[in-house]
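Dear colleague,

I am handing over the structure we spoke of, and it is shown directly below. After it you will find a summary of what turned up when its charged pairs and backbone angles were examined.

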Amino acid sequence: MRIKVLACTALLMLAGCNAPVSQSVADSQRAPSSDVRQNFINIVFKRSYRHEAGEVVWARISSVVLLEPEKKIYAYCVRVVPKRSWGDWAYLGVSFTDGQILGATANDYRCKDKRLHYYPFPELTGMKT
């Protein structure tokens with residue numbers, strides 16, 4: 001339960017209830033490391049979001065932002081286009097600390113902040129969604 005509360009708090013801090021990401025959070029952006037990418041694939045994608053139909057035909061991962069410096073909580077977003085819904089992005093907001101994912105929110109509108117940088121995520125292309 002504590003992990004879910006931390007994850008929700010972290011994601012709320014990413015964008016606020018209806019507000020964009022705070023400028024200090026936006027300024028903390030850095031490209032996602034290979035460890036962040038692999039951790040997402042191993043923990044979140046392969047275990048939690050497996051469905052029968054389709055393949056990922058397009059994937060992007062956002063910059064990592066520092067949400068809570070004192071707790072070392074970070075967040076990023078992943079967006080994919082599954083083959084079964086070509087043209088429609090699916091978003092996933094992820095919070096983590098010390099390499100451990102705290103939580104994830106599917107189709108999180110906060111991942112659509114225009115200041116959030118996205119990078120190609122070819123590691124997901126062709127994977128089952």
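What follows deals with the salt bridges and then with two backbone angles.

Please bear in mind throughout that this is a predicted model. A search of the whole structure finds 3 salt bridges, and I take them one at a time below. As general background, side chains of opposite charge can pair when their charged atoms come close.

The pair that spans separate parts of the chain is Glu123 with Arg37, whose side chains meet in a salt bridge at 3.2 Å, N to O. Because Glu123 lies in the segment after strand 6 (118-120) while Arg37 belongs to helix 3 (residues 34-48), this contact ties together parts that are 86 residues apart in sequence. As for exposure, Glu123 is partly exposed, with a relative accessible area of 36%, whereas Arg37 has a relative accessible area of 14% and is therefore buried, the cut-off for that class being under 20%.

Another salt bridge joins the side chains of Lys71 and Glu68, with an N to O distance of 3.7 Å. Here Lys71 counts as partly exposed at 46% relative accessibility, while Glu68, at 5%, counts as buried.

The remaining pair is formed by Asp113 and Arg115, whose closest N and O atoms are 3.3 Å apart. In this case the acidic partner, Asp113, counts as buried at 13% relative accessibility, and Arg115 is partly exposed, with a relative accessible area of 28%.

Turning to the backbone, most residues other than glycine have a negative phi, and most peptide bonds are trans, so which residues here deserve a look for a positive phi? Lys72 is one of them, with a phi near 55° although Lys72 is a residue other than glycine; its place is in the loop between strand 2 (65-68) and strand 3 (73-82). Asp98 likewise is not a glycine and has a positive phi of about 50°. Asp98 is found in the loop between strand 4 (90-97) and strand 5 (100-106), and with a relative accessible area of 67% the residue is exposed.

To restate the main points for your own inspection of the predicted model, the search gave 3 salt bridges, and positive phi values occur at Lys72 and at Asp98.

With best regards

Definitions and conventions. Residues numbered from 1 in each chain as written. Predicted model: local features only at pLDDT ≥ 70, side-chain atom pairs only at ≥ 80, totals over all residues. Heavy atoms only, no water. Salt bridge = Lys/Arg side-chain N within 4 Å of Asp/Glu carboxyl O. Helix = DSSP H or I, 4+ residues; strand = E, 2+ residues; numbered from the N terminus. Buried < 20%, exposed > 50% of the residue type's maximum accessible area, 1.4 Å probe, protein only.
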